[in-house]
Each structure stands twice: as structure tokens, then as C-alpha cells.
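Biologist: Could you take me on a close look at the ligand site in this model? I'd love to hear what surrounds the ligand and which contacts hold my attention there.

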Amino acid sequence: MARHWADFQYEIYLNGMAGAVPRLPTDLTRLEELAEQRLGPGPVGYVAGSAGSGSTARANRSALERRRIVPRVLRDVHERDLSVEVLGRALPAPLALAPVGVLSIMHPDAECAAARAAAGQGVPFVLSSASSTPMEQVAEAMGDAERWFQLYWPRDPEVARSFLNRAEAAGFGVLVVTLDTPLLAWRPRDLDQAYLPFLHGVGTANYFSDPAFRAGLAKPVHEDPNAAVTHFVGMFADPSKTWPDLAFLREHWDGPIVLKGVLHPDDARRAVEAGMDGVVVSNHGGRQVAGSVAAADALPGVVEAVGDRLTVLFDSGVRTGDDIFKALALGARAVLVGRPYVYGLGLDGRPGVEHVIRCLLAELDLTLALSGHATPGTIGPADLTEGPG
Ligand SMILES: Cc1cc2nc3c(=O)[nH]c(=O)nc-3n(C[C@H](O)[C@H](O)[C@H](O)COP(=O)(O)O)c2cc1C
């Protein structure tokens, strides 16, 4: 019998009889406010902040909220199974932790704590290129649990090749290539505080530990950290890349490749033509293009264009179990969640991330059941209607 994630609520009520209530709210939309109160303004601004006035982040939320579920009744939902197959992998639920850089600004245990929490629940952890912990160390913390590597495609092909070799050797099974960040966007919350951790050598662990990167330095990192940071800044992204360049990744990565940051159906078609295995419909949580189409509004067009030819994943704005239900109904195979788990990490370390995963999946399980479904496979556009706003 598959795990009933909804049972988490009974665990909470039973603990309550022994006098314990959850340390973090079970309504995950409240985590941001709590993080604002308890954590430092620099790190919280970096995580909560978005591009420009924040209009895209708000649009992400309202595009999900505007869509309303139409529950069905008298269907057998006694036994339920949230498991899905994604990119040839059997996952216990349609959820992965999104790649988020520099987690050490939120908690000293950083990526290892989040990765262990994901591993404990069987949820894939997507490690950012900009992590504060080298990929090999995160892999070690995860045992043989499912892990994916997110590539910020470095300008230097030797460093790119080295990252791919290292990730493959460390057991990362899927390559997620983020394409919406060829430049850092205009982010007023960071600008107003002049806060950018990378300039202090935080979030550069994969680079500073990389032999190909280090080969480009005149002195070892510890002898001239400023030169290492300058080298990183010049290397981090490459705005001159175009579609034919994807052949390089195909050549150097054996497993599935997923392009993250696809919003236009034509770009999704090009991903198919380039032999990619999946796309993540995402606007980077509203952090790149202010005034952008909401991710949930872009999702149906991408699904219609390529949904039968590659795996369509979704992120940007997911905060609750019903948000996941809606993304699946719009055609996503699974979703990635970003900020909520990062707040969970900042507020309570590994248990905080576990809390976020279990709340999301308990709520998804209940939403599924209470809407008349026993598996994600039966959800579709007919389960949604559009509310007034
Ligand atoms: C603080 C922060 C750092 C991020 N760093 C990365 C990153 O290193 N690589 C990447 O592909 N996406 C990164 N993202 C984007 C997430 O992967 C994801 O697309 C986004 O958080 C989803 O939106 P949500 O936060 O509304 O769930 C970051 C997001 C945040 C909030």
C-alpha cells in the first residue's frame, strides 16, 4: 500500500495530546512573514526578493489562486497513491526541491540539511551550481537518494565539462540547465542593501573546489580570494549562448537533460528539436523578468505544444498542496518548490525542510482525495475553473 501523506495530520493531533504543537505553521504561506521577523534582513531580502517591483512574483501567486478546483464526490478515494514516474525515475510524489543557491545564508547546515530532509522523504533534491557546499559533499550526505544537478552554464567550456563530470561521478542523475539567468536581474531588495553574497565568496563552493576553475587562477583561492571572486564573476554566466550550444551538453551528459526557465511554446518546441528530455516552466520565482507572464499562465501553452514529447515540470509560486494540484491539472508532471523550503531551512534547519515537504504532500493528498481523485494521473483541466481573480 502506498504511503498516505495525509496521515501527517493525525501525527500532529496525536503529538498535541502529549502537549506538542508544530514548531512552524502548517499554512506555509505564513513562513515568509515569520522569516522576515526572525532572520537577518540581508538573507531574507535575498530569498524573498524578486525582480523589479515584484510584479511577476505576485502574478505567479494570483495565476494559481485565480484557478479554482471543482471537487467531485462519491468516488472511491479510500486508497490513494501519489507516486509518479518522472524522467524514468519512480518518485513517491510529484514534488522536488528546486535549485536554490547560497543556502548557508539561511542556516549553517545549508545544502546538506535540505538534501538530507529531501532524501528522508524520497523527494529529489536539485542542487544549485551556486551552492555553498561542494556537490560531492552534498552527494555524500544523501547516500543513494535521488539527486539532480542544476547547471549555471559557465562561460569557460572546461569548467562546464568539469562540473558535468563531477556531477555525474557524484551520482546526480538528471541535469537541469537554467536558461533564464544569463544576467543577474534588477533586484531592488538586494540593491537597496547592496547585498550580494557571491562577492564575499559565498555560494561559490563548486567553483572554488573545481580543478578547471582553479587552473585559471594565478594564486590559490585562499591566497587571493578577491581574484577568485573576480574570476567567478566573469565565468558565472554566458549571455551569448544560443540553441545550437545545447549539443555540447548532450555530448557531455549521459542522463536526462531538462531546460529550466521555458515559458514560450516555441522555446519548448526548440527544446524537443534539440533532443532535450524535459522543460521546467518557470520564471525563476519572479526573480528575473519583472512584468513577465505568470508561470501558471504559461504552463498550458507549453503542455499543448510539447506535453506528449517531453516531460513538463513546473515551478514559481507553489506554496500549498492545492497549488500542486492545480499545476498537475494544467498538465505538469511534477512541481518544484523554492522559497517555502528555504524558509523552513532558515527557521528550523533540516526539520524545517521536512516540515515543509510533509505539509505540502499531506495537503496535496487531502486535496486530491477531497476533490475525488486517488492518483495524480486522473487530474486534468476539467478539474479547474477560473475564478474572478
Ligand atoms: C534565494 C533563491 C535562490 C535561487 N537560486 C537558484 C539557483 O541557484 N539556480 C536556479 O536554477 N534557480 C534558482 N532559484 C529559482 C528556483 O529554482 C525556483 O525557480 C523558484 O524559487 C521557484 O519559485 P518559488 O520560490 O515561488 O517556489 C532561486 C530562488 C531563490 C528564491
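Modeller: Happy to! By class, the shell around the ligand is made up of 10 polar, 6 nonpolar and 5 charged residues. Please keep in mind that this is a predicted model. Of the 21 residues around the ligand, the ones that come nearest are P99, S128, T178, D315 and R319.

D315 is a good place to begin with the polar contacts: an N or O atom in its side chain is 2.8 Å from an oxygen atom of the ligand. K260 also reaches the ligand through its side chain, with a polar atom 3.0 Å from a ligand oxygen. With G101, the backbone takes part instead: one of its N or O atoms lies 3.1 Å from a nitrogen atom of the ligand. On its own, the ligand has 600 Å² of accessible area, and the protein covers 98% of that. As for where to find this on your screen, the ligand sits in the largest pocket.

Since you work at the bench, here is a word on cysteines too. The count of disulfides in the model comes to 0. C112 counts as buried because its relative accessibility is 11%, and the cut-off for buried is under 20%. C359 has a relative accessibility of 7%, so C359 counts as buried as well.

How values were computed
Residues numbered from 1 in each chain as written. Predicted model: local features only at pLDDT ≥ 70, side-chain atom pairs only at ≥ 80, totals over all residues. Heavy atoms only, no water. Near = heavy atom within 4 Å. Polar contact = N/O pair within 3.5 Å; in protein donor to acceptor, adjacent residues only side chain to side chain. Areas by Shrake-Rupley, 256 points an atom, 1.4 Å probe, with all protein chains shown as cover. 1 Å grid on protein atoms, 1.4 Å probe; cavity = no way out; pocket = protein on both sides within 12 Å on 5 of 7 lines; lining within 4 Å. Sits in = over half its atoms within 2 Å of the grid points. Nonpolar A, V, L, I, M, F, W, Y, C, P; charged D, E, K, R; others polar. Disulfide = S-S within 2.5 Å. Buried < 20%, exposed > 50% of the residue type's maximum accessible area, 1.4 Å probe, protein only.
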